[in-house]
Amino acid sequence: MTIAEVSKKYGLSADTLRYYERIGLIPPVPRTKGGVRDYGEESCGWIELMKCMRAAGVQIEALIEYVKLFRQGDSTIGARKAILVEQRDQLLSRMAEMQSSLELLNEKIDGYEQRMVSAEQRLRLLHTASSEP
């Protein structure tokens, strides 16, 4: 696939794809004899992984280190796993913080809704009382 096709498929600009490759966020993309990037299944798999990891808030530095270790071979499997475990733990922590924030917001919203119901009931009583002869 060309960079334009990959850009469209993953919703990333061609500049972003080139940047990811330049900084080592994805391994070097194979090229045609003419020097044009030729994204295959493996390259696309890396893009999918990095897009997912970035959406989850995984740090770019950790991902660059992961790719660097991957390129060094199987002797780095333990180190790669450690990076993923650390990033997972950080993500779980952020998710717990977000869950707490969501619960607090829901409590605040419920409080407003209860006040609105009470206010509406008072208005109905006032309206009913003022309508009586």
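Biologist: What makes the distance between the end C-alpha atoms of helix 3 agree with its 15 residues?
Modeller: At 1.5 Å a residue, the 15 residues of helix 3 should span 21 Å. The expected span is 1.5 Å times one less than the number of residues. The end C-alpha atoms are 21 Å apart, so the two values agree. The model is a predicted one.

Biologist: Which residues of helix 3 are buried?
Modeller: Ser43, Cys44, Trp46, Ile47, Met50 and Met53 are the buried residues of helix 3. They pack against helix 1, helix 2 and helix 4.

Biologist: Why is serine 43 called buried?
Modeller: Buried means under 20% relative accessible area. Serine 43 has 8% relative accessibility, so it counts as buried. Leaving aside neighbours within four places in sequence, serine 43 is in contact with Val29 and Pro30.

Biologist: What is methionine 50 in contact with, leaving aside its neighbours within four places in sequence?
Modeller: The contacts of methionine 50 are Leu25, Ile26, Leu63 and Val67. Met50 also belongs to the largest nonpolar core, which has 22 residues. Val6, Leu17, Ile26, Tyr39, Ile47 and Met50 touch the most other members of that core.

Biologist: Which helices each supply at least two residues of this core?
Modeller: Helix 1 (3-10), helix 2 (14-23), helix 3 (41-55) and helix 4 (60-72) each do. In soluble globular proteins, nonpolar side chains tend to be buried together.

Biologist: How many helices and strands does the secondary structure of the chain come to?
Modeller: The chain has five helices and zero strands. From the N terminus on, the order of elements is α-α-α-α-α.

Biologist: How do you know that the chain is more spread out than a compact globule?
Modeller: The globule rule gives 14 Å for 133 residues. The radius of gyration of the chain is 26 Å, well over that value, so the chain is more spread out than a compact globule. Along its principal axes, the C-alpha trace spans about 95 × 35 × 20 Å. Of the 133 residues, 23% count as buried. The chain exposes about 9,600 Å², of which carbon and sulfur atoms supply 57%.

Biologist: Why is arginine 94 called partly exposed?
Modeller: Partly exposed is the range between the buried cut-off of 20% and the exposed cut-off of 50%. Arginine 94 has 28% relative accessibility, so it counts as partly exposed. Arginine 94 is found in helix 5 (residues 77-131).

Biologist: Which residues does arginine 94 touch, not counting residues up to four places away in sequence?
Modeller: Arginine 94 touches Ala56, Gly57 and Val58. The C-alpha atoms of arginine 94 and alanine 56 are separated by 9.8 Å, with their positions 38 residues apart along the chain. Glycine 57, just after helix 3, takes a positive phi of about 85 degrees.

Biologist: How many salt bridges does a search of the whole structure find?
Modeller: The search finds four. One of them joins arginine 37 and glutamate 21.

Biologist: What makes the pair of arginine 37 and glutamate 21 a salt bridge?
Modeller: A salt bridge needs a side-chain nitrogen of Lys or Arg within 4 Å of a carboxyl oxygen of Asp or Glu. The closest N and O atoms of arginine 37 and glutamate 21 are 2.6 Å apart, and the two form a salt bridge. The pair links distant parts of the chain: arginine 37 is in the loop between helix 2 and helix 3, while glutamate 21 is in helix 2, 16 residues apart.

Biologist: Why is glutamate 21 called buried?
Modeller: The relative accessible area of glutamate 21 is 14%, so it is buried, the cut-off being under 20%. Arginine 37 and glutamate 21 are both buried. Leaving aside neighbours within four places in sequence, glutamate 21 is in contact with Ile26, Pro27, Pro28, Val29, Arg31, Arg37 and Tyr39.

Biologist: Why are aspartate 15 and arginine 18 separated by about one helical turn?
Modeller: They are three residues apart in helix 2, so about one helical turn separates them. Their side chains meet in a salt bridge of 2.6 Å, N to O. Aspartate 15 has 54% relative accessibility, so it counts as exposed, the cut-off being over 50%. Arginine 18, with a relative accessible area of 30%, is partly exposed.

Biologist: Where do lysine 68 and glutamate 65 lie?
Modeller: Both lie in helix 4, three residues apart, about one turn of the helix. Their side chains meet in a salt bridge of 4.0 Å, N to O. Lysine 68 has 48% relative accessibility, so it counts as partly exposed. Glutamate 65, at 32%, counts as partly exposed.

Technical notes. Residues numbered from 1 in each chain as written. Predicted model: local features only at pLDDT ≥ 70, side-chain atom pairs only at ≥ 80, totals over all residues. Heavy atoms only, no water. Core = buried A, V, L, I, M, F, W, Y, C linked by side-chain atoms within 4.5 Å. Buried < 20%, exposed > 50% of the residue type's maximum accessible area, 1.4 Å probe, protein only. Helix = DSSP H or I, 4+ residues; strand = E, 2+ residues; numbered from the N terminus. Contact = heavy atoms within 4.5 Å. Rg over C-alpha atoms; globule rule 2.2 N^0.38 Å. Areas by Shrake-Rupley, 256 points an atom, 1.4 Å probe, with all protein chains shown as cover.
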